[in-house]
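Here is an informal walk through one protein model, starting with a helix and working outward. Keep the structure open while you read.

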Amino acid sequence: MAWSRESRHKRGYDYRWVKLRERILKRDLYLCQPCRDAGRTTAATEVHHVKAKAHGGTDDPSNLVSICPPCHLEASRKQTGRREIRRVGLDGYPMPD
């Protein structure tokens with residue numbers, strides 16, 4: 001699956017997402033849930049869709065988890081089946097290597 005070239009707003013990451021993201025981070029006490037499950041304490045700064053929106057996942061809070069950037073990259077890599085995931089900027093476009 002290729003990265004979408006649409007803006008983050010067109011992909012559904014608008015003001016409502018910003019508010020929902022903050023709610024999920026608060027719910028999870030700003031802790032990375034995969035790290036917590038592995039016995040580590042790591043600050044979460046991102047929110048991950050357990051089932052990707054591209055695969056029918058939704059923004060329902062039960063499908064969202066607070067996560068640290070390294071865990072987010074790994075989780076996204078597993079979802080897409082790619083060896084590497086290119087980092088994406090706030091505009092939704094891949095960042096240069």
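Let's start with helix H1: its 13 residues reach 18 Å from the first C-alpha to the last, close to the 18 Å expected at 1.5 Å a residue. Keep in mind that this is a predicted model.

**Helix H1 and its two sides**

Which residues of H1 are buried? They are Trp-17, Leu-20, Ile-24 and Leu-25. These residues sit on the same side of H1 because they cover an arc of only 140° around the axis. Turn to the other side of H1 and you meet Tyr-15, Arg-23 and Lys-26, which are exposed. The buried residues, for their part, pack against strand E1 (46-49) and strand E2 (64-67).

Ile-24 is a good one to zoom in on. This H1 residue has a relative accessible area of 1%, so Ile-24 is buried. Which residues does Ile-24 contact once its neighbours within four places in sequence are left aside? The list runs Val-47, Pro-61, Leu-64, Val-65 and Ser-66. Take Val-65 from that list: Ile-24 and Val-65 are 41 residues apart along the chain, yet their C-alpha atoms are separated by 6.8 Å.

**Just past the helix**

Moving on from H1, Leu-29 takes a positive phi of about 60° just after the helix ends. Asp-28 belongs to the loop between helix H1 (15-27) and helix H2 (33-37). Is Asp-28 buried or exposed? Its relative accessibility is 11%, so Asp-28 counts as buried. Leaving aside neighbours within four places in sequence, Asp-28 touches Gln-33, Val-65 and Ser-66. Val-65 and Ser-66 also turn up among the contacts of Ile-24.

Asp-28 has a charged partner too: its side chain meets that of Arg-27 in a salt bridge, at 3.0 Å from N to O. Arg-27 is partly exposed, with a relative accessible area of 42%.

**Salt bridges**

How many salt bridges are there? The count for the model comes to six. Three of the pairs are set out here, with the accessibility of each partner.

| Acid | Base | Closest N and O atoms |
|---|---|---|
| Asp-14 (18%, buried) | Arg-16 (64%, exposed) | 2.8 Å |
| Asp-28 (11%, buried) | Arg-27 (42%, partly exposed) | 3.0 Å |
| Asp-59 (26%, partly exposed) | Lys-53 (29%, partly exposed) | 3.6 Å |

In the Asp-14 pair, a buried acid meets an exposed base in Arg-16. For Lys-53 and Asp-59, both partners are partly exposed, at 29% for Lys-53 and 26% for Asp-59. Further along the chain, Glu-74, Arg-77 and Lys-78 are linked in a network of salt bridges.

**Cysteines**

A disulfide is a covalent bond between the sulfur atoms of two cysteines. How many does the model have? The count comes to zero disulfides. Why is Cys-35 not bonded to Cys-32? The sulfur of Cys-32 is the closest cysteine sulfur to that of Cys-35, but 3.6 Å is too far for a bond, because the cut-off for a disulfide is 2.5 Å. Cys-68 is in no disulfide either, and its nearest cysteine sulfur, that of Cys-71, is 3.5 Å away.

What about burial? Cys-35 has a relative accessible area of 3%, so Cys-35 is buried. Cys-68 counts as buried too, at 4% relative accessibility.

**Zooming out**

Now for the whole chain. The protein chain has three helices and two strands, and from the N terminus on its elements run α-α-β-β-α. What share of the 97 residues counts as buried? That share is 31%. As for surface, the chain exposes about 6,600 Å², with carbon and sulfur atoms supplying 55% of it.

The contact pattern rounds this off. Among contacts in the chain with a separation of 6 or more, 53% come from residues 24 or more positions apart. The Ile-24 and Val-65 pair, 41 residues apart along the chain, is in contact, and H1's buried residues pack against E1 and E2.

Conventions: Residues numbered from 1 in each chain as written. Predicted model: local features only at pLDDT ≥ 70, side-chain atom pairs only at ≥ 80, totals over all residues. Heavy atoms only, no water. Helix = DSSP H or I, 4+ residues; strand = E, 2+ residues; numbered from the N terminus. Buried < 20%, exposed > 50% of the residue type's maximum accessible area, 1.4 Å probe, protein only. Contact = heavy atoms within 4.5 Å. Areas by Shrake-Rupley, 256 points an atom, 1.4 Å probe, with all protein chains shown as cover. Salt bridge = Lys/Arg side-chain N within 4 Å of Asp/Glu carboxyl O. Expected span 1.5 Å × (residues − 1). Arc of directions from axis to C-beta.
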